[in-house]
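The following note sets out numbered points on the model shown below. Each point is kept to a short paragraph.

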Amino acid sequence: MAQHKNKLRNLAYNIKDKASVIVATLSIKRHVSSVRVRVLRATTHALTGPPSEDRIAAVLAVASSNNTSHLLPRVCIDALMDRLHRTGSATVALKCLFTLHNVVVKGPFTLKDQLAYYPSYGGHNFLNLSTFRDDSDLESLQLSDWVRWYAGVIEQSLTVSRILGYYLRYSSSSSSNTIQETNSLTLGTSNADLLYKIEALVAFLEQLGKVPESLQLQKKELVYEVVKLVGEDYRSVQREIVMRLEEMEGRMENLDVGEVSELVGYVKRMEECKEKLVMLFVNKGRNGGFWDLVRETKERGLKIKGEIEGKWLTVVVASKTAADSTRFNTNPFLEPGQTSPVPLTSFAFATVR
């Protein structure tokens, strides 16, 4: 009975998708209709898998090099957002988000900029899916959790890129040129700026750590590909964090207690995400060096913080001792710490003449 119901629903979705494509092709503006058709074909209701590489490539090609106009990229992002906010299907919403994520990862700057400067200016919750819910069946209800989580990941990714001043790097190249280029991003940077950017990167890890409990849905090809693409973001953020933690470690001896406390707070927050992130990406062995650096930074920071506070305590105790000594010694002819002898004869035994 359930299988029959699913077949009927899939048939209805298939008809609906085809009808939407037909309606889009009837537009008078052929270039605009072509963009909308590409978006519709990339975001069908079928849960068989994510949009194919050809479908994604077709969407990204809207901003091809021979098209210098910003009109079509804007139409493309508007069409994706409209599709995302109008649908009640968790599958369609995930595919829209997956396509938008590909824009961030692989898209040309004209498309990325249209997304970054969407009417809400790419701010917190600009995808507006925090209340999304598809309760058509149990699987759709579970997929809704993934929709809300994935939207938060993309929002946080754009926030991080805006704070860093560039889009997250997706190249795993470790050439000397790349290393020199990344090192130049931290040299000469103020402690406050480094900490500000570390905080943004930590917030991204915290969003990843909010992954839904239904991890078994990764068996679905669509969810699997979503996690795989998010994993690229995760590795990029790790590289950004490592670069800044190493720089902060080199400055540790010269940080004030407030800066050390702030840094320790951030690495503690990272450690709180570790278990969920290892479960999600199943990469404990591959990222051992990252977590070792996080632990070492925390331990060294706590040690230096303790040393600074210990010096403060020594100064306070010494000052108090000196103050007490001064308070009880009012004889200007005595040295500090020297006491004045008390005469044995009291006024009670004095001879009155």
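1. Accessible areas here come from the Shrake-Rupley method with a 1.4 Å probe. On that basis the protein chain exposes about 20300 Å², and carbon and sulfur atoms supply 55% of this area. The model is a predicted one, and the values below should be read accordingly.

2. Overall make-up. The secondary structure of the protein chain consists of 12 helices and 0 strands. Read from the N terminus, the order of elements is therefore an unbroken run of α, given that helices and strands are DSSP runs numbered from that end. Of the 353 residues in the chain, 44% count as buried.

3. Contacts along the sequence. Taking contacts in the protein chain between residues at least 6 apart in sequence, 77% join residues at least 24 apart.

4. Helix α5. This helix covers residues 90–106, which is 17 residues. At 1.5 Å a residue, the expected span is 24 Å, because the calculation uses one less than the number of residues. The end C-alpha atoms of α5 are 24 Å apart, which agrees with that expectation. Of the 17 residues of α5, 16 are buried, so the helix is largely enclosed by the rest of the structure.

5. The start of α5. Which residue caps the N-terminal end of α5? Serine 89 does so: one of its side-chain oxygens lies 3.3 Å from the backbone nitrogen of threonine 91.

6. Helix α6 and its surroundings. In α6 (residues 109–116), the buried residues are Leu111, Lys112, Gln114, Leu115 and Ala116. These buried residues pack against α3 (53–60), α4 (71–86), α5 and α7. Helix α5, itself largely enclosed, is thus one of the packing partners of α6.

7. Serine 140. This residue lies in helix α7, which runs over residues 138–164. Is serine 140 buried or exposed? Its relative accessibility is 10%, and because buried means under 20%, serine 140 counts as buried. Leaving aside neighbours within four places in sequence, serine 140 is in contact with Ala90 and Asp134.

8. Cysteines. How many disulfides does the model contain? The count comes to 0, a disulfide being a pair of cysteine sulfur atoms within 2.5 Å. Cysteine 76 has 0% relative accessibility and therefore counts as buried. Cysteine 273, at 7% relative accessibility, also counts as buried.

Notes
Residues numbered from 1 in each chain as written. Predicted model: local features only at pLDDT ≥ 70, side-chain atom pairs only at ≥ 80, totals over all residues. Heavy atoms only, no water. Helix = DSSP H or I, 4+ residues; strand = E, 2+ residues; numbered from the N terminus. Buried < 20%, exposed > 50% of the residue type's maximum accessible area, 1.4 Å probe, protein only. Contact = heavy atoms within 4.5 Å. Polar contact = N/O pair within 3.5 Å; in protein donor to acceptor, adjacent residues only side chain to side chain.
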